[in-house]
Amino acid sequence: MEKKEISLVIGSNGQIGKVLTPELRKRYGEEAVLAADLAACNPEYLKSGPYFQLDVMEKLAIVDLVTRNKITTIYHLGEIPFAGGERSVGNTLNFNISGLVNVLDVAKIFSLKVFWPSSVDVFGPTSPKQSCPQHTIIEPATLYGITKVAGEHLCNYYYEQYGVDVRSLRFPGLISHTGKQGGRTTDYAIEMYYHALKNETYNCFLKKETTLPMMYMPDAIRAILELMDAMPEQVKIRTAYNVSAMSFSPDNLIAAITGYLPGFTVKFTPDYRQRLADRWPASIDHKEAVNDWGWQPKYDLKAMTEDVLYIIGQKNTYNK
Ligand SMILES: NC(=O)c1ccc[n+]([C@@H]2O[C@H](COP(=O)([O-])OP(=O)(O)OC[C@H]3O[C@@H](n4cnc5c(N)ncnc54)[C@H](O)[C@@H]3O)[C@@H](O)[C@H]2O)c1
C-alpha cells in the first residue's frame with residue numbers, strides 16, 4: 001500500500017513557505033501538512049493546520065516531529081536572511097550548511113523525500129551573463145552563494161551515497177505580493193508595484209538598465225510541486241535545476257507599470273545591492289528543467305504586472 005503523503009515545511013513563515021504551505025494543504029489536506037518555524041506562534045495564514053515551533057539546528061527535534069507524525073516529505077525553506085548572512089560568516093555557514101545536513105540525515109534514516117531551494121546566486125562574475133547554462137563556471141561572489149553551492153553538492157552527495165530522494169531548484173529573484181519583503185536585491189520590483197498603487201515616487205536602489213532573472217511566486221510554487229511530482233528517473237540533476245521565467249530591468253518594469261498607472265515616477269539611487277546585481281547573470285538557460293520534467297513558466301512581465309496590480313489593488317494592502 002502506498003504511504004500517505006505527510007509533509008513538514010520548515011521555514012513555513014517565510015516568503016516561500018507562507019504560499020507553499022497553504023498550497024500543499026489544498027492538495028494533501030490541512031492535517032497532512034505540518035508548518036514549522038522558529039516563531040512560537042503560528043501566523044494567521046497558517047492557522048488552518050498544524051504548526052510547530054522548530055529550530056532546524058536541533059536534529060532530535062526534527063526526528064521527533066518526523067516519527068510522531070509519520071512525515072514522508074520535508075520542504076526545508078529555513079534560512080538566515082541574506083543581508084544578515086553576509087554580516088556573520090560563522091553563523092551563516094553553520095546554519096545554512098548544518099541545518100541542511102540535519103534535514104538530509106533525518107531523510108536518510110527515515111527514507112524521506114526532500115525539497116531544498118538553491119539560488120542563481122551560485123553564479124558569480126565569471127559565469128556567462130546571458131542564458132547562463134546549467135553546467136558552467138560556478139564561482140559565487142557572496143557567502144550566501146557559497147553556502148548554496150555547498151548545499152547543492154551535499155544534496156547530490158546524499159543522493160549518490162545514500163539514495164536520498166532530494167530535489168532542488170536554483171531560483172532567480174522571486175516576486176510575491178504577500179507580506180513584507182526582506183531587503184533582497186530583486187525586491188525593488190514588488191516595492192515599485194506598491195509605490196505605483198500609492199501614487200508615490202519610488203527611489204530605486206538599482207540602475208535602470210540592470211537586467212536580472214525573475215519569477216512570479218505562483219510559478220515558483222508550481223515549479224516546486226512539479227519537480228516533487230516528477231518520477232525519480234526524470235530527476236536527472238541532483239544538485240539543483242536552473243529555472244527561470246523572465247528577465248527584466250527597472251526600466252522594463254516601469255514601462256509595464258505605466259501601461260496601467262501612467263503617472264508613476266521613479267528616481268534612481270543605486271546602493272550596495274547594485275554591486276550584488278552586477279555579479280548575477282542577466283538571464284538563465286533552463287533547458288534541462290524543460291527537457292527532464294517539463295518545466296514551463298506561465299507568467300511573463302506583462303502577465304505578472306496585471307496580476308500583482310489587480311491583487312494588491314483588490315486587497316488594498318498598499319495602504320497598510
Ligand atoms: N525568496 C527568494 O527570492 C529566493 C530566491 C532564491 C532562493 N531562495 C531560497 O528559498 C528558501 C526560502 O526563502 P524565503 O524567501 O522563504 O526565506 P525567508 O527569509 O522569507 O524565510 C525563511 C524562514 O526560515 C525561518 N528560519 C530561520 N532560521 C530557522 C531555524 N533555525 N529553524 C527553522 N526555521 C528557521 C525564518 O524564521 C523564516 O520564516 C531559502 O533557502 C532561500 O535561500 C529564496
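**Exercise 1. Find the residue in β8 that is the bridge partner of Ser-118, and then place β8 in its sheet.**

Step 1. Look across from Ser-118 in this predicted model: its bridge partner in β8 is Arg-170.

Step 2. Widen the view to the two strands. β6 pairs with β8 (residues 169-171) through two bridges, in the parallel sense.

Step 3. Now take in the whole sheet. Three strands make up an open sheet with parallel pairing, in the order β6-β8-β12. The edges are held by β6 (118-119) and β12 (241-242); each has a single partner strand, so one side of each has no neighbour in the sheet.

Step 4. Add the helix. α7 (residues 217-229) lies across β8 and β12, and its direction makes an angle of about 175° with β8.

**Exercise 2. Work out whether Thr-239 is buried or exposed, and list what Thr-239 is in contact with.**

Step 1. Locate the residue: Thr-239 sits in the loop between α7 and β12.

Step 2. Apply the cut-off. Buried means under 20% relative accessible area. Thr-239 has 15% relative accessibility, so Thr-239 counts as buried.

Step 3. Collect the contacts, setting aside neighbours within four places in sequence: Gln-134, Glu-152, His-153, Cys-155, Asn-156, Ser-168 and Arg-170. You have met Arg-170 already, as the bridge partner of Ser-118.

**Exercise 3. Check the length of helix α5 (residues 143-162) against the expected span.**

Step 1. With 20 residues at 1.5 Å a residue, α5 should span 28 Å.

Step 2. The C-alpha atoms at the ends of α5 are 28 Å apart, which agrees.

Step 3. See which residues of α5 are buried: among them are Glu-152 and Cys-155. Both Glu-152 and Cys-155 are also contacts of Thr-239.

Step 4. Go just past the end of α5, where Gly-163 has a positive phi of about 70°.

**Exercise 4. Describe the largest nonpolar core, and say which element gives the most to this core.**

Step 1. Start with the count: the largest nonpolar core has 37 residues. Tyr-188, Met-192, Tyr-193, Phe-248, Leu-253 and Met-304 are the ones with the most contacts inside it.

Step 2. Find the contributors. At least two residues of this core come from each of α6 (188-197), β10 (202-204), β11 (212-216), β13 (246-248), α8 (250-258) and α11 (301-315). The most come from α6, with eight residues.

Step 3. Consider the domains: domain 1 (7-173 + 216-232) and domain 2 (175-214 + 245-319) each supply at least three residues of this core.

Step 4. Zoom in on Tyr-193. Beyond residues up to four places away in sequence, Tyr-193 touches several residues, including Leu-253, Met-304 and Ile-312.

Step 5. Keep the other core apart: a second, separate one of 28 residues includes Leu-169, Phe-171, Val-235 and Ile-237.

**Exercise 5. Two residues other than glycine, Lys-70 and Ser-111, have a positive phi. Where does each lie, and is each buried or exposed?**

Step 1. Lys-70, with phi of about 55°, is in the loop between α2 (59-69) and β4 (73-76).

Step 2. Lys-70 has 63% relative accessibility, so Lys-70 counts as exposed.

Step 3. Ser-111, with phi near 55°, is in the loop between α4 (89-110) and β5 (113-115). Ser-111 is exposed too, with a relative accessible area of 57%.

Technical notes
Residues numbered from 1 in each chain as written. Predicted model: local features only at pLDDT ≥ 70, side-chain atom pairs only at ≥ 80, totals over all residues. Heavy atoms only, no water. Pairing = 2+ DSSP bridges. Helix = DSSP H or I, 4+ residues; strand = E, 2+ residues; numbered from the N terminus. Contact = heavy atoms within 4.5 Å. Axes fitted to C-alpha atoms, helices over the stretch in contact; angles between N-to-C directions. Core = buried A, V, L, I, M, F, W, Y, C linked by side-chain atoms within 4.5 Å. Buried < 20%, exposed > 50% of the residue type's maximum accessible area, 1.4 Å probe, protein only. Domains from an automatic or database assignment. Expected span 1.5 Å × (residues − 1).
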